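Trainee: Could we go through this model together, with the cut-offs spelled out as we go?
Mentor: Gladly, let's have a look.

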Amino acid sequence: MSSDTAVLVSISQEIWPPRHRTYFGSLQIQSSAPGEPYAVTRIRGCTGVIDLGDKRTMEFAISAREIADDLARELNGDSGEGSFHGVFVAAGDSPTDAELADARRRLREFQEKLVAAADLEWERSHNPMFITDLERRAARQLSLEKPWLYDPKPTIECPVCAERIKPGVAVCRACGAILDREKAARFGLARSPRKERPRNAEPQAEAEK
Ligand SMILES: [Zn+2]
């Protein structure tokens with residue numbers, strides 16, 4: 001039975017929390033150390049137990065390969081389509097150059113996808129809060145310089161809605177409150193107090209629907 005082993009390979013330096021399964025308890029997945037191309041975690045086949053009730057149980061074998069595939073799927077797969085975090089199951093006793101190259105390509109493709117998504121988000125919102133940690137890590141791992149890697153401007157809190165906004169803005173982009181009346185009037189976003197029209201002269205078009 002000890003011959004049933006599988007080789008789980010990680011090309012990532014990410015440290016994962018231990019994995020838990022009823023049939024093997026807790027398992028720490030090895031991450032590659034800086035300067036090392038990969039790390040290997042050897043997985044052994046296990047015997048699981050099904051509780052049939054009435055104090056009856058049934059044992060069943062789980063192969064090392066099944067366990068390794070399950071772990072790889074879990075470690076790679078919580079970050080959307082094409083999600084890959086650098087873990088795979090080697091066909092043999094140690095990963096081949098081809099397997100490692102394939103894993104590096106998949107990881108790079110996924111990281112590039114994350115960076116592209118962050119670029120798009122940045123173009124849309126210019127808000128570093130919408131950039132995920134995963135996207136920042138991907139950009140750093142690809143050695144890319146991106147404006148959204150940093151949070152250069154501090155934000156203040158809108159006194160009306162408490163949303164984080166840039167200091168010095170005329171109008172809160174979240175709730176529309178006018179925070180600087182003079183500045184808002186200058187850019188045509190609000191009438192200056194002196195030019196305010198009487199209430200009954202307001203156009204009625206908005207009332208129709
Ligand atoms: Zn606001």
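Trainee: Does Arg105 count as buried, partly exposed or exposed?
Mentor: Buried means under 20% relative accessible area, exposed means over 50%, and partly exposed lies in between, using a 1.4 Å probe and protein chains only. Arg105 has 33% relative accessibility, so the class is partly exposed.

Trainee: Before we continue, what should I keep in mind about the model?
Mentor: This is a predicted model, where local features need pLDDT of at least 70 and side-chain atom pairs count only at pLDDT 80 or more, while totals for chains, interfaces and linings use all residues. Residues are numbered from 1 along each chain as its sequence is written, and side-chain values use heavy atoms, with hydrogens and water left out.

Trainee: Which residue meets Arg105 in a salt bridge?
Mentor: A salt bridge puts a side-chain nitrogen of Lys or Arg within 4 Å of a carboxyl oxygen of Asp or Glu. Arg105 and its partner sit three residues apart in helix α2 (residues 97–125), so about one helical turn separates Arg105 from Asp102. With 2.5 Å from N to O, the partner is Asp102.

Trainee: How many residues apart are Asp119 and Lys146?
Mentor: Asp119 forms a salt bridge with Lys146, with 3.0 Å between the closest N and O atoms. This pair links distant parts of the chain, since Asp119 is in helix α2 and Lys146 is in the loop between α3 and β8 (156–157); helices (H or I, at least four residues) and strands (E, at least two) are DSSP runs numbered from the N terminus. The separation is 27 residues.

Trainee: Is Lys146 buried or exposed?
Mentor: The relative accessibility of Lys146 is 19%, so the class is buried.

Trainee: What geometry does the site of the zinc ion have?
Mentor: Donors are N, O and S atoms within 2.8 Å of the metal (3.2 Å for Na, K and Ca). Here the protein donors are the SG atoms of Cys158, Cys161, Cys172 and Cys175, 2.3 Å from the zinc ion. Four donors count as tetrahedral if all angles lie between 85 and 135 degrees. The angles among the four donor atoms are 104 to 116°, and the site is tetrahedral.

Trainee: Which of Cys172 and Cys175 is buried?
Mentor: Cys175 has 37% relative accessibility, so Cys175 counts as partly exposed. At a relative accessible area of 1%, the buried residue is Cys172.

Note on methods. Four donors count as tetrahedral if all angles lie between 85 and 135 degrees; four count as square planar and six as octahedral if opposite donors are over 155 degrees apart and all others between 65 and 115; anything else is irregular.
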